[in-house]
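Got your viewer open and a selection box ready? Let's take a walk through this model, one pick at a time.

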Amino acid sequence: NVCYEHLAEILGDIKSRGIVPYEQDKWAQVYAYFKNNHKQLFDRLINMLCYTNNASLNDNDTVRALIGNEIYTTVSRLQKNNACKYSYFLAYMLNLKAPDNGEFKGIDIGNAAHSVFEHIGNMLNEKNISYFDLTDEMIEFEVGEYVKKLIDNYKIRLDNLTARNAFIIERMKSELVLCVKIIRSQITETEFKPLGYEMEFSDKSDIGTVNITLDSGETVKLTGKIDRADYVKKDDCIYIRVIDYKTGKKTFSLSNIINGLDLQLTVYLGALVKSDKHNRYGGAFYFTVSDPICSESNDIPDSNIENKIRSELKLRGIVNSDDFIKNDNTDKSSANRINSACDEQFEIMDKYVNKIIKNSLSKLASGDISIKPYKNNSSTPCSYCEFSGICRFDEHSNGYREIHNYKSADDAWEVMKNEVDR
């Protein structure tokens with residue numbers, strides 16, 4: 001009845017928030033009434049109050065069955081684990097999948113961008129030409145033809161193509177043409193040359209996996225792909241930079257690195273640099289491709305949309321502070337969006353990230369799947385989590401893992417150095 005439901009609500013508030021109800025003596029009498037006269041309802045009430053949705057895997061055999069004796073994972077998955085361990089558990093240990101509604105969504109656009117950029121790079125290699133030889137006409141033709149192939153791959157899902165989706169595809173094609181032109185500028189304005197596209201870290205590749213040894217003696221193998229790596233030579237040194245293509249508004253943040261939410265660029269750059277004694281840190285960058293769904297208003301002239309997109313299509317990341325790299329080999333349009341670091345700081349960042357990964361993997365191997373997502377001001381991974389209906393996260397009983405933002409780069413470097421020196 002209403003009285004019982006109200007009592008349950010009040011007791012829940014007392015438990016989770018410490019809120020004492022108005023007229024508490026009266027509700028104490030109601031509590032005593034159900035305790036003395038309605039044992040079944042009272043027991044149900046107590047069970048409800050004692051319930052928690054805390055999650056853990058305490059049995060080692062269960063953990064091994066879920067992650068395997070030989071542990072493979074990716075850096076992007078570890079970032080998800082650092083954002084919320086329970087989300088990682090559901091996605092990659094239980095392999096649960098969110099239902100696909102067949103829409104042409106952002107993920108498709110991201111995949112299209114990766115595919116087109118890789119196709120352009122492979123085409124240049126096959127024709128034995130460089131970005132200096134790539135004309136606007138070649139770009140428009142190659143992108144147009146490749147987008148047609150991509151659409152064919154989605155034909156089952158796009159048989160009933162709406163006017164909106166048709167508009168998105170056309171906008172996507174225009175933006176990809178613009179992206180390739182800007183990538184051409186980023187390369188031709190510097191001495192950097194492409195080292196490779198979609199460079200794979202795996203047991204089957206020349207690079208191999210990135211191996212992390214845990215305190216338990218177990219070895220975890222990290223796999224993945226670098227969207228693009230470039231190199232430039234100076235004397236006996238080879239400077240390496242890595243570029244990761246992202247959709248949306250991905251930015252580079254030392255705070256995200258410290259909090260374990262942005263590890264990919266550092267891991268990939270470190271692995272390539274350490275693969276040869278002549279290699280040095282050149283830089284690590286994101287190249288963001290805007291989602292055309294966000295810029296489809298008919299009220300905005302195409303020229304204004306293109307200018308807006310062009311202003312966003314700049315490298316964001318961190319570059320070696322050596323004048324040869326920072327001043328002589330960074331394209332002008334990206335220079336004001338980039339942090340800089342010396343060789344020693346790159347090494348500190350690499351060691352710090354490896355320590356973060358080792359700690360995360362150790363907790364994963366021990367069965368830590370706690371429901372405790374991070375919170376950064378008002379931002380949490382719960383706002384876009386596909387598993388919110390399963391975990392039933394409650395802010396008061398589970399709580400967030402509050403993370404710290406470092407406004408000063410000097411403070412961020414000091415935190416990383418102190419942790420590495422421990």
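Start by selecting helix α11 (residues 264-273) together with α14: their axes come within 9 Å and cross at roughly 115°. Axes here are lines fitted to C-alpha atoms, for helices over the stretch in contact, and angles run from 0 to 180 degrees between N-to-C directions. Helices (H or I, at least four residues) and strands (E, at least two) are DSSP runs, numbered from the N terminus.

Before going on, a word on what you're looking at: this is a predicted model, where local features need pLDDT of at least 70 and side-chain atom pairs count only at pLDDT 80 or more, while totals for chains, interfaces and linings use all residues. Residues are numbered from 1 along each chain as its sequence is written, and side-chain values use heavy atoms, with hydrogens and water left out.

Back to the pair. The crossing of α11 past α14 is left-handed, that is, the near helix is turned anticlockwise from the far one by less than a right angle (clockwise would be right-handed). Now show side chains: Thr-266, Val-267, Leu-269 and Gly-270 of α11 touch Phe-346, Met-349, Asp-350, Val-353 and Ile-357 of α14, where contact means heavy atoms within 4.5 Å. Sorted by class, that contact holds six nonpolar, two polar and one charged residue. For the classes, Ala, Val, Leu, Ile, Met, Phe, Trp, Tyr, Cys and Pro count as nonpolar, Asp, Glu, Lys and Arg as charged, and the others, Gly among them, as polar.

Keep α11 selected and ask how many of its residues are buried. The count is 10 of 10, with buried meaning under 20% relative accessible area, exposed over 50% and partly exposed in between (1.4 Å probe, protein chains only).

Next, pick Lys-274 and Asp-350. Their side chains meet in a salt bridge at 2.8 Å, N to O; the term covers a side-chain nitrogen of Lys or Arg within 4 Å of a carboxyl oxygen of Asp or Glu. Lys-274 sits in the loop between α11 and β6 (279-289) and Asp-350 in α14, so this pair ties together parts 76 residues apart in sequence. Lys-274 is exposed at 54% relative accessible area, whereas Asp-350 is buried at 7%.

Stay with α14 (residues 343-365) and add α5 (residues 75-83): these two pack at about 70°, axes 11 Å apart. That makes them roughly perpendicular, the label for 65 to 115 degrees (under 35 is roughly parallel, over 145 roughly antiparallel, the rest oblique). On the α5 side, highlight Leu-78, Asn-81 and Asn-82; on the α14 side, Ile-356, Ile-357, Ser-360, Leu-361 and Leu-364. This contact has five nonpolar, three polar and no charged residues.

Which other salt bridges are worth a click? The whole structure has 16. Try Asp-230 with Arg-241, closest N and O atoms 2.9 Å apart. Asp-230 is in strand β4 (residues 219-234) and Arg-241 in strand β5 (residues 237-247), and both residues are buried. Add Arg-228 to the selection and you have a network of salt bridges linking Arg-228, Asp-230 and Arg-241.

Then jump to Lys-181 and Glu-140, bridged at 3.6 Å, N to O. Lys-181 belongs to helix α9 (residues 163-188) and Glu-140 to helix α8 (residues 136-153), 41 residues apart.

Last stop: select Asn-377, in the loop between β9 (374-375) and α15 (388-391). Its phi is positive, about 60°, although it is not a glycine, and Asn-377 is exposed at 64% relative accessibility.
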